[in-house]
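Welcome to a short tour of one protein chain, residue by residue. Please keep the viewer open as you read.

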Amino acid sequence: MDWREEYQRKLGSAEDAMKAVRRDDLVVIPLAGPRVLPGALFRHCTENNVSIDLRVTTPLTDPGWFQPGHEQTFRVEFELFIGDFARHAVDEGRATYLPSLFSLAGKELEEERTERRAVDVFLVSVTPPDDNGYVCFGAHNWNKRSYARRARTVIAEVDAGLRPVCGDNRVHVSEIAAFVEIPPVQITRGLVEAWLRRVDDEDKRAAYLSIVDELGEDVDRLIVVGPIMTRLPPQQVRRLLGLAEPPEVAKAICGYVGDLVPDGATIQIGAGEPSMYLARTGVFDNKLDLGLHSEMVAPGIPRLVEAGVINGLRKTLHPGMAIAAAWSGSDSEDLKIVTNNPKFEVRDTDYVLDLRTIAQNDNFYAMNNSLSIDLIGQINSESVFGPRMINGSGGQPEFQIGAAMSKGGRAITLLPSTALDGAVSRIVAQHDAGSIVTVPRFFADTIVTEYGIARLWGKNHRQRAAELIAVAHPDFREDLKREAERL
């Protein structure tokens, strides 16, 4: 059958496509997932009494399954990232978390382990087919292609607004069971004002509108945070859009990172603060021959590729190419650069984040954030106040270990010295009971706060404590010294 005929045969409504979902299926919705299919799934399950296991990653919308009363219909688990929008579902016990790694997510299926659980239905967004019948997962691939290859049934939302990018980022029409075409999102000031009608606080509404005014004709950048905009403080929205000036603490931390990263290094930058400011603070601008091999990026990184600062000339793996699992973290100007640009490639997370892949990059410098670290070097990037999960591990463990294994590599952990406006130290004598250790102490390497650089590699517990106390906030150093002596 010609692929065009096959595509037309598989094309239908979201409601019809959801008939493939059966009781007790495992349904997966990935990071940067579809816009229309989740709502259709919610209606299908609630109206037809179909209970499912639902796996999600950093969702930006809620058809209703995160709200009280739907726990029996939707048994929700978060994978890799939780995110701000739906964290309340975990806090209130209506959802759980799946510990996993990007690179090993398919191991039990590929090795046919007895405990394996196949994915029954995968919901994803794709570009319209190209002339050869292939659809692309866009700039935010992550693990979409991997899931599409492993799931029993793939249902794809066809979104002409997705940006085609180069790399191992596509599947054929024949590999997808059903297609649902949707119109691309067009962000306008009128649409944003409609969102803001739900905001009762006039000062807050005015703060959001000032962001819209600042964006001007570039208002479509709000597509990044639009669905959750009113759930975030205006200042956080500004930071996510790259409008906020980096705080002084972040500037200081980025400055130290600039001192650490040598010319010719291949870099990886994790999500969140303060790493998101690394490119914007200019710490890489005068570097020579940097390479990129990353899970995602920070604002300004694609512009550094265009400027030739990141050219990959000294990379030992994929020389000359900027490699990522997703171009998430880019701003709108970055995404314009990445679109159909052969300098940039996306590849599956189970390849990009494989320890063996990462370690093939000599002089690999991983840069990731942390919530807290104890005096023997245990790094927590997932929980606060003990076991309360703020996020998941993402790709941090893989890049931390891969950098440690890389010839000439270094794993750098970034964190401000304090939290809660200076009320608590992020460098602690011991983690609270139940805290999650994201990186074990034997992989801890280089820690950076606004007060300097702590080098932990090859040092014993006492030496590590001394290094970390030296970069803690001065207000907490004496207490940390007393605790170190007690321990």
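Let's begin with arginine 87, which is buried at a relative accessible area of 11%; buried means under 20%, exposed over 50% and partly exposed in between, with a 1.4 Å probe and protein chains only. This is a predicted model, in which local features need pLDDT of at least 70 and side-chain atom pairs count only at pLDDT 80 or more, while totals for chains, interfaces and linings use all residues. Residues are numbered from 1 along each chain as its sequence is written, and side-chain values use heavy atoms, with hydrogens and water left out.

**Two buried basic residues**

Arginine 87 belongs to helix α4 (residues 87-91); helices (H or I, at least four residues) and strands (E, at least two) are DSSP runs, numbered from the N terminus. Leaving aside residues up to four places away in sequence, arginine 87 touches Ile82, Arg388, Met389 and Ile390, where contact means heavy atoms within 4.5 Å. Its C-alpha atom is 9.2 Å from that of phenylalanine 66, and these two residues are 21 residues apart along the chain.

Lysine 315 is also worth a look: it is buried, at a relative accessible area of 6%. You will find lysine 315 in the loop between α11 and β12 (322-324). Its contacts, again without residues up to four places away in sequence, are Thr266, Gly291, Leu292, His293, Met321, Ile323 and Asn361. The C-alpha atoms of lysine 315 and leucine 292 are separated by 8.4 Å, with their positions 23 residues apart along the chain counted as the distance apart.

**Salt bridges**

Side chains of opposite charge can pair when their charged atoms come close. Counting a side-chain nitrogen of Lys or Arg within 4 Å of a carboxyl oxygen of Asp or Glu as a salt bridge, the model has 36 salt bridges. Three of them are set out here.

| Pair | N to O distance | Relative accessible area |
|---|---|---|
| Aspartate 130 and arginine 170 | 3.5 Å | 28% and 38% |
| Glutamate 306 and lysine 343 | 3.2 Å | 40% and 37% |
| Aspartate 479 and arginine 482 | 2.1 Å | 40% and 49% |

The pair of aspartate 130 and arginine 170 links distant parts of the chain, 40 residues apart. Aspartate 130 sits in the loop between β5 (121-126) and β6 (134-136), and arginine 170 in strand β8 (residues 170-172).

Glutamate 306 lies in helix α11 (residues 301-306) and lysine 343 in the loop between α12 (332-338) and β13 (344-346), so their salt bridge ties together parts that are 37 residues apart in sequence. Both ends are partly exposed, glutamate 306 as well as lysine 343.

Arginine 482 and aspartate 479 are separated by about one helical turn, because they are three residues apart in helix α17 (residues 474-486).

Salt bridges also join into a network, which links Asp24, Asp53, Arg75 and Arg117.

**Backbone features**

Most residues other than glycine have a negative phi, and most peptide bonds are trans. Where does the model depart from this? Aspartate 24, a member of the salt-bridge network, has a positive phi near 70°. Aspartate 24 is in the loop between α2 (14-17) and β1 (26-29) and is partly exposed at 42% relative accessibility.

Phenylalanine 385 has a positive phi too, of about 50°. Its place is the loop between β17 (383-384) and β18 (388-389).

The peptide bond from glutamate 273 to proline 274 is cis, with omega near 5°. Proline 274 falls in the loop between β10 (266-269) and β11 (291-294).

**Surface patches**Phenylalanine 385 is exposed, with a relative accessible area of 63%. Together with Leu420 and Val424, Phe385 makes a nonpolar surface patch of about 320 Å². Patches are made of residues with over 30% relative accessible area and no salt bridge, with like charges joined within 9 Å and nonpolar side chains (Val, Leu, Ile, Met, Phe, Trp, Tyr) within 5 Å. Accessible areas come from the Shrake-Rupley method with a 1.4 Å probe, and for residues only the protein chains shown count as cover. Leucine 420 is exposed at 55% and lies in the loop between β20 (418-419) and β21 (424-425).

A patch of negative charge on the surface gathers Asp200, Asp201, Glu202 and Asp203. Here Asp and Glu count as negative and Lys and Arg as positive, while His and the chain ends are not counted; the place of a charge is taken as NZ of Lys, CZ of Arg, CG of Asp or CD of Glu. Within this patch, aspartate 203 lies in helix α8 (residues 202-215) and is exposed, at 64% relative accessibility.
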